[in-house]
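Me: I want to learn how to read empty space and helix packing in a model. Can we work through one together?

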Amino acid sequence: MRRIVRLMLLAAGSYRGEFRRALWCALIAAIAQALAYAALVPLLYELTRPEVNVGAAWAWFGVFAALYAVEAVFHYGELRFEFGRWADMLSDARLELGDKLRTMPQGELERRSAGDLTMLLGSAVANAAMSASTLALWFLRLVTVPTVLGVVVLLIDWRLGLVLALSVPFAVLFVRRIQGVSGVGMRESDAADAAAANRIVEYVQGLPVLRATGQVGASSRRLVETLERQNETMSAMQNRLTWPGLLASSVVHLCLVAMVSVGAALVLDLRISAALLVAVVVAAVRFAEPLSAVPSMSSLFEVTDSALERIGDVLATPPLSVGNPTAEITRHDLEFDNVHFAYPDGPQVLRGVSFTVPSRSLTALVGPSGSGKTTVTKLLTRYADPERGSVRIGGIDLRELDPTEIYRHISVVFQDVYLFDDTIRANIAMAKPEASQAEIESAARAANAHTFIEGLPHGYDTRVGEIGNALSGGERQRISIARAILKDAPIVLLDEPTAALDAENEVYVQQAIDALVAKKTVVVVVAHRLSTVVAADQILVLESGQVVEQGRHEELIARDGRYSAMWSAQTRARHWRVPTSA
């Protein structure tokens, strides 16, 4: 009982005060309903006597009607909360989770799959809110009605009441078994559901690749195996719940039959009247109905418990600390000071990295795959905090800053562009929601995107499809750059923005980047096209998580070191030709 009440109050969140009032309404309504059923006992007794006492029958009918009127009034009070606050609780819970995900370290966020987060914000929140509305009120009726009616039957005849009461401890034993099975089963089922949701997201997003490899529909081994595991998990739990549920329900009904048998014997011995027995049986049937529903109700509470556990796990994740919430960035020079960093359960990625990026300068990060280039840009956006050392913007350690303040000053253009399934206008305006159409078009022109946008059937109102799949890679990249231009942040991070583009699109995107980075502090990650950063103010060569060389292009070429070798290799590659047969 205490655990269930705790779950209800936890799920109610900021509406606990209203929820407690709704519980009182539900309790009074349940007691009034039970007493109304109890009033049927003398009413039926008066109506079935050989000599009907009309006055007494009408009096008991009046009591019955009055009690049901009270039940209706207080039931309305509980329904106002149940239906009036359901959507509010859902919205508040999702907003709280959304705010938590916003402040959660990015590394911790990436540890959770898209399917798991979808289930969390969808069904888990709905199940949790259900416990503070429908389930809570059902639970009160489940407990209150049988209790009141059981007391009434005991007062009428202790022998009949005792037989009826014998069903309770037996039913409780089976319910405890159901709770144990449900508790484990629901958590296993939740995990299987999250895995299935994640695999479905993967299947939809990877459909072009799956079609090309002949792994669609029943041939999609990864999806089919996950759905089969989900089915096996759910079937196993249902099988384990079947017998305890049947036995709990059967015990209640057997005790009801036993009570009728004892009552019949008492009638034959002339200890009670047949009319009284009929009235008691009616009350006993209403006593048995809620108890029969206990197994199902218990399983529902385990669903709620599992949902709240998953929500609580997210809410309990420590957010990125903010040393000084009022701190503001006033300069835009960047600094890494002896930074060491490793991903959870992974090898060391950065080892004592130190460098500075002056304001309004261009710094290029080059090096082989896995050298730590992208990690440097992630730490600049406070993806996570360094294990040792510090990362500073304008002389302020990022651990002192609110992440919102950091994001306000930084624009990021990734190699893998993410566009939302909305219009081109909406995707560009995400950087500045209040932007006018003229501002959006100006950003698109600067990003070399306006011309191709105008050529689309619906222009800026063209929907880009999921992840922007209705556009080409170069078009998506230019939309992304237009978004960054509209934001006009003083610091720009570019992570291989032209790596996956053909020669024509690379020219368009490079021109768009030139418009974006003018008079900005720029850090660009490059692995494949060193020619794009020849004019950089400084080039940092990373290898095995360390800065092994630093300088301008000409200086590094003259040193004949790691950068020079990379430059020579790429220069030779540009002159490769595919031999043709004679």
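Reply: Start with enclosed space. This is a predicted model. Its largest cavity has a volume of about 40 Å³. The count comes to one cavity of 30 Å³ or more.

Me: How is such empty space found, and which residues line the largest cavity?

Reply: Rolling a probe the size of a water molecule over the atoms shows where empty space is left. Here the lining of the largest cavity is Leu379, Arg382, Ala384, Asp385, Pro386, Val391, Asp397 and Leu398. By class, that lining has five nonpolar, three charged and no polar residues.

Me: What is the volume of the largest pocket?

Reply: A pocket is an open set of points, whereas from a cavity the probe cannot get out. The largest pocket has a volume of about 1,800 Å³. Its lining takes in 40 residues, and Gln106, Val412, Phe414, Tyr418 and Phe420 lie nearest the centre. Of the lining, 21 residues are nonpolar, ten polar and nine charged. Helix H19 supplies the largest share, four residues.

Me: How are H17 and H19 oriented to each other?

Reply: Read the crossing angle. The axes of H17 (residues 437-446) and H19 (residues 473-487) come within 8 Å and cross at roughly 125°. The two helices are therefore oblique to each other. Their crossing is right-handed.

Me: Which residues make that contact?

Reply: H17 brings Glu439, Ile440, Ala443, Ala444 and Ala446, while H19 brings Ala482, Ile485 and Leu486. Seven residues of this contact are nonpolar, one is charged and none is polar.

Key
Residues numbered from 1 in each chain as written. Predicted model: local features only at pLDDT ≥ 70, side-chain atom pairs only at ≥ 80, totals over all residues. Heavy atoms only, no water. 1 Å grid on protein atoms, 1.4 Å probe; cavity = no way out; pocket = protein on both sides within 12 Å on 5 of 7 lines; lining within 4 Å. Points joined across faces, edges and corners; volume = space filled by probe spheres on them. Nonpolar A, V, L, I, M, F, W, Y, C, P; charged D, E, K, R; others polar. Axes fitted to C-alpha atoms, helices over the stretch in contact; angles between N-to-C directions. Parallel < 35°, antiparallel > 145°, perpendicular 65-115°, else oblique. Left-handed = near helix turned anticlockwise from the far one by under 90°. Contact = heavy atoms within 4.5 Å.
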